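Please open the model in your viewer and keep the sequence panel beside it, since each stop on this tour begins with a selection and then describes what is found there.

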Amino acid sequence: MTYQQEKIKPYDGHGEKGKLVEEMFDNIAPTYDTLNHRLSWDIDKGWRRKAIKALLPYHPRRILDIATGTGDFAILAARMLRPDELIGADISEGMMKIGRQKAAALGLDKVISFAKEDCLHLSFPDNSFDAVTAAFGIRNFQNLDQGLREMCRVLKPGGHLSIVELTTPVAFPMRQLFHLYAHTVLPVYGRLISKDQSAYGYLTKTIEAFPQGETMMKVLRQAGFSEAHFRRLTFGICTMYTATK
């Protein structure tokens, strides 16, 4: 099935979405962390913490963090879950370069490693990880179904998935306020700080187009997951999805 956000590209042109997304994240990598935290008023840190807390009862020893970016989720997961190994996978070397520096500065480079991966065709064997995580990245997949199937494939039977993704609020007045913020403040401020004309306009479009809530539950089940649940956070600006293989 083709989802609306799969058709949205960060830059004009005829290239594949995956390559254009890689280019975009390489371009905005130096300012990505600052913008993320400022644009969400640091609330994104709490969203990540909730997603990691969902995994605490299962004590995962080997974790894969998909679309790891600059490693914020991986670093927090390593601190809270204390796994034996955590691999952060991403298509952007520019983002992961920053992640490696942050992990090394915190003395976590013995636990966290970073690997350049096509998330639609992961290089890891079947049944490799106790947990798979993703924060604010799966809406960039060129093929959502394929990406989720890969996440399920590398997860061990009985393993757990935990995702946080930006979504559009469904209730008045937050839906209207979010629309105003996403179409004015977010792209303008993002453009001024990152110097990228397209990146944060692309962000808004993908948030609005991405399947969410009950629809996302069906997508997860079709990808092979069971016991799928979702929880809206901060009036629906973000949604946490959990599932089991």
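Begin by selecting Val164 together with Met240, its bridge partner in strand 7. Keep in mind throughout that this is a predicted model. Val164 and Met240 give a way into a wider pairing, in which strand 5 (residues 155-166) and strand 7 run antiparallel and are joined over seven bridges.

Stay on Met240 and add Arg231, which stands opposite Met240 in strand 7. Extending the selection to strand 6 (residues 226-233) shows its antiparallel pairing with strand 7, made over six bridges. If you follow the hairpin of strand 6 and strand 7, you will pass through the four residues between the strands, where Thr234 takes a positive phi near 50 degrees.

Now select the whole of strand 7 (residues 238-244) and ask how many of its residues are buried. Seven of the seven are, so strand 7 is largely enclosed by the rest of the structure. In a regular strand the side chains alternate between the two faces of the sheet. Displaying the side chains here lets you follow two sets: Cys238, Met240, Thr242 and Thr244 point one way, while Thr239, Tyr241 and Ala243 point the other way, and all of them are buried.

Return to Arg231 for the next stop, and select Arg49, Lys50 and Lys53 with it, since these four residues form a positive surface patch. The largest share of this patch, three residues, comes from helix 2 (residues 43-53). Arg49 is found in helix 2, and with 39% relative accessibility Arg49 counts as partly exposed.

Remain on helix 2 and select Asp44 and Arg48, which form a salt bridge whose closest N and O atoms are 2.6 Å apart. The two residues are four positions apart in helix 2, which means that about one helical turn separates them. Are these two partners buried or exposed? Asp44 counts as buried at 3% relative accessibility, and Arg48 also counts as buried, at 6%.

Two further salt bridges are worth selecting, out of the twelve that the structure holds. In one of them, the side chains of Arg62 and Glu85 meet at 2.7 Å, N to O. Arg62 lies in strand 1 (residues 62-66) and Glu85 in strand 2 (residues 85-90), so this pair ties together parts that are 23 residues apart in sequence. Arg62 is partly exposed, with a relative accessible area of 26%, and Glu85 is partly exposed as well, at 28%.

For the other, select Lys156 and Asp130, whose side chains meet in a salt bridge at 3.2 Å, N to O. Because Lys156 lies in strand 5 and Asp130 in strand 4 (residues 129-135), the pair ties together parts that are 26 residues apart in sequence. Lys156 is partly exposed with a relative accessible area of 31%, and Asp130 counts as partly exposed at 21%. Selecting Asp33, Asp72 and Lys102 then brings up a network of salt bridges that links these three residues.

As a last stop, select Ile75, which has its place in helix 3 (residues 72-81). With a relative accessible area of 6%, Ile75 is buried. Add Leu180 to the selection and check the C-alpha to C-alpha distance in your viewer: Ile75 and Leu180 are 33 Å apart in space and 105 residues apart in sequence.

How values were computed
Residues numbered from 1 in each chain as written. Predicted model: local features only at pLDDT ≥ 70, side-chain atom pairs only at ≥ 80, totals over all residues. Heavy atoms only, no water. Patch = residues over 30% accessible without salt bridge, like charges linked within 9 Å, V, L, I, M, F, W, Y side chains within 5 Å. Areas by Shrake-Rupley, 256 points an atom, 1.4 Å probe, with all protein chains shown as cover. Lys, Arg positive; Asp, Glu negative; His and termini not counted. Charge placed at Lys NZ, Arg CZ, Asp CG, Glu CD. Buried < 20%, exposed > 50% of the residue type's maximum accessible area, 1.4 Å probe, protein only. Pairing = 2+ DSSP bridges.
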